[in-house]
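Work through the exercises below with the sequence and coordinates open, and try each task before reading its solution.

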Amino acid sequence: MTGPPVRGAWRVSRPAGQNGRMSSPAVMVVEDDVNVSYVVATALRLAAFEVVEVSTGREALRVAGGDAPPSLVVMDVMLPDLDGFEVCHRLQACGSDVPVLFLSARGNLDDRLRGLSAGADDYLAKPFSVEELVARIRVILRRRGVLTEASALTCGALRLDEDARRVTVGGRTIALSPTEYKLLRFLLRNAGRAVSRAQILDHVWDYGFDGESTVVETFISSLRKKVDTAPPTLIHTVRGVGYRLSEE
């Protein structure tokens, strides 16, 4: 993966829906660590969310109080001006009901309780799994009625039922390890799109994973043996990029 881009005051990335319409919920990432912000924002874009990135509490308040507030805020506690708890208090004081998920290195029980008492909907400690972060965001947005999505992901004869955690190929159930399941779900959520090895590492393995890069190839090979047992081939190698899940 290439390094994080240089940020200005704030930046918006909007994935287009069908016919170019902007249909995805927007998530504001409030984080002054450029590397962490980049990892989180990349994971959210891959999950088809719009993303707004800011680096201070005051910027977060300005964006949240604007004409197009985000659907959810992912916020660090330790910010260079106002801390995340104070930002959360001020959002509530001005009548905002935008849900907040704290993402912080301050992960002890007192901090988690303080964050939830401040009005946050969830609290996730660093280091974190981007897969878990995206899953928690989806849960909050579904609970708020902002996000509705089918529990089954499909590609050809391949079907992954997220509610039952069951994977079938042509109606036949296949057994996957937890990591194989996460990898396949990530590929299905990005079906038809090439994803890089670095993106897979960021999204399927824990943030900060420093294992051998061949781990992706190893698990892709294992998945192919279970998923691509008959034509058409679904998991394709995209030379110089990574992998793509599609019927073509």
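**Exercise 1: the sheet**

Aspartate 161 stands opposite arginine 166 in β9. The model is a predicted one, in which local features need pLDDT of at least 70 and side-chain atom pairs count only at pLDDT 80 or more, while totals for chains, interfaces and linings use all residues. Residues are numbered from 1 along each chain as its sequence is written, and side-chain values use heavy atoms, with hydrogens and water left out.

Task: starting from this pair, establish in which order the four strands form the open sheet.

Solution. Begin with β8 (residues 158-161) and β9 (residues 166-169), which run antiparallel and are joined by four bridges; strands are DSSP runs of E with at least two residues, helices are runs of H or I with at least four, and both are numbered from the N terminus. Two strands count as paired if DSSP finds at least two bridges between them. Next, follow leucine 160, whose bridge partner in β9 is valine 167, and which in β8 stands opposite leucine 153. β7 and β8 also pair in the antiparallel sense, again over four bridges. The order is therefore β7-β8-β9-β10, with antiparallel pairing, and because β7 (152-155) and β10 (172-174) each have a single partner strand, these two stand at the edges, with one side of each left without a neighbour in the sheet.

**Exercise 2: positive phi**

Task: find which residue takes a positive phi in the hairpin of β7 and β8, and which does so in the hairpin of β8 and β9.

Solution. With two residues between β7 and β8, the residue is glycine 156, at a phi near 60°. With four residues between β8 and β9, the residue is arginine 165, at a phi near 50°. A further case lies just after α4, where glycine 119 has a positive phi of about 115°.

**Exercise 3: the largest cavity**

Task: determine which residues line the largest cavity and how they divide by character.

Solution. A cavity is a set of points on a 1 Å grid over the protein atoms alone where a 1.4 Å probe fits but cannot get out, and lining residues have an atom within 4 Å of a point. The lining consists of Leu46, Ala47, Glu131, Arg185, Phe186, Arg189, Asn190 and His203. These divide into three nonpolar, two polar and three charged residues, where Asp, Glu, Lys and Arg count as charged, Ala, Val, Leu, Ile, Met, Phe, Trp, Tyr, Cys and Pro as nonpolar, and the others as polar. Helix α6 (residues 178-189) supplies the largest share, three residues.

Definitions and conventions: 1 Å grid on protein atoms, 1.4 Å probe; cavity = no way out; pocket = protein on both sides within 12 Å on 5 of 7 lines; lining within 4 Å.
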